[in-house]
Amino acid sequence: MKKILKLQSWSKELRNSKKDSMKIIHKFVDFIPEKVEEGVLYISIEYCVAVHKCVCGCGNEVVTPLSPTDWELTFDGKSVSLSPSIGNWNLECKSHYFITRNKIRHARRWKDWEIEKGRKNDINNKENYFKKSMINHTL
Ligand SMILES: [Zn+2]
């Protein structure tokens with residue numbers, strides 16, 4: 001029992017020390033599998049969604065919808081990037097990072113007021129987008 005505990009804390013340390021040079025591999029899939037593996041970004045073009053496990057190791061699944069008002073996925077033939085950054089404010093870990101060309105770059109944790117501001121911006125962007133598309137439809 002002791003040994004296992006030791007091993008776990010060791011692997012955690014290792015993971016922490018590797019944080020700055022972490023990589024994620026991408027997989028294009030039809031369906032997001034039930035068991036999401038760590039370190040893999042699953043992308044379903046059909047469902048316009050990408051799913052991965054939070055890179056901090058907390059085990060939570062992070063779902064990023066792909067749309068003009070959510071995340072933008074860039075595939076350069078070899079690697080993928082997601083934009084904007086991923087802020088897991090709803091998770092306990094509140095981790096914040098970028099996925100750029102399959103590399104994970106950790107970003108600063110936002111302050112509460114910044115999160116709130118970001119949320120409001122998000123809602124505004126969405127409202128503007130849908131207003132615009134409604135105008136386009138009626139024209
Ligand atoms: Zn996490």
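Two helices and eight strands make up the regular elements of this chain, which is seen here as a predicted model. Starting at the N terminus, the order of the elements is α-β-β-β-β-β-β-β-β-α. In other words, a helix comes at the beginning and at the end of the series, with the strands in between.

How much of the chain is buried? Of its 139 residues, 12% are buried. Contacts tell another part of the story: among those with a separation of 6 or more, 31% are between residues 24 or more positions apart.

**The sheet**

Let us turn to the strands and how some of them pair. Strands β1, β2, β3 and β4 form an open sheet, in the order β1-β2-β3-β4 and with mixed pairing. Its edges are β1 (25–28) and β4 (61–65), each of which pairs on one side only. From one strand to the next, the twist averages 20°.

In which sense do β1 and β2 pair, and over how many bridges? Their pairing is parallel and runs over four bridges. For a spot to look at in the 3D view, find Lys27, which stands opposite Tyr42 in β2.

**Backbone features to look for**

Some background helps here. Most residues other than glycine have a negative phi, and most peptide bonds are trans.

Against that background, three places in this chain are worth a visit. One is the peptide bond between Ser83 and Pro84, which is cis, with omega at about 0°. Pro84 belongs to strand β6, which spans residues 80–87.

Another is Cys48, which is not a glycine but has a positive phi, near 50°. Cys48 sits in the loop that links β2 (40–44) with β3 (49–53). Is Cys48 buried, exposed or partly exposed? Cys48 counts as partly exposed because it has 13 C-beta neighbours inside 10 Å, and a residue needs 20 or more to be buried, while 12 or fewer would make it exposed.

Asn102 is also a residue other than glycine with a positive phi, about 65° in this case. Where is Asn102 placed? Its loop runs between β7 (96–100) and β8 (103–106). Asn102 has 16 C-beta neighbours inside 10 Å, so it too counts as partly exposed.

The table puts the two loop residues side by side.

| Residue | Phi | C-beta neighbours inside 10 Å |
|---|---|---|
| Cys48 | near 50° | 13 neighbours |
| Asn102 | about 65° | 16 neighbours |

Terms used. Residues are numbered from 1 along each chain as its sequence is written. This is a predicted model: local features need pLDDT of at least 70, side-chain atom pairs count only at pLDDT 80 or more; totals for chains, interfaces and linings use all residues. Two residues are in contact if their C-beta atoms, placed from the backbone, lie within 7 Å. Two strands pair if DSSP finds at least two bridges between them. Axes are lines fitted to C-alpha atoms, for helices over the stretch in contact, and angles run from 0 to 180 degrees between N-to-C directions.
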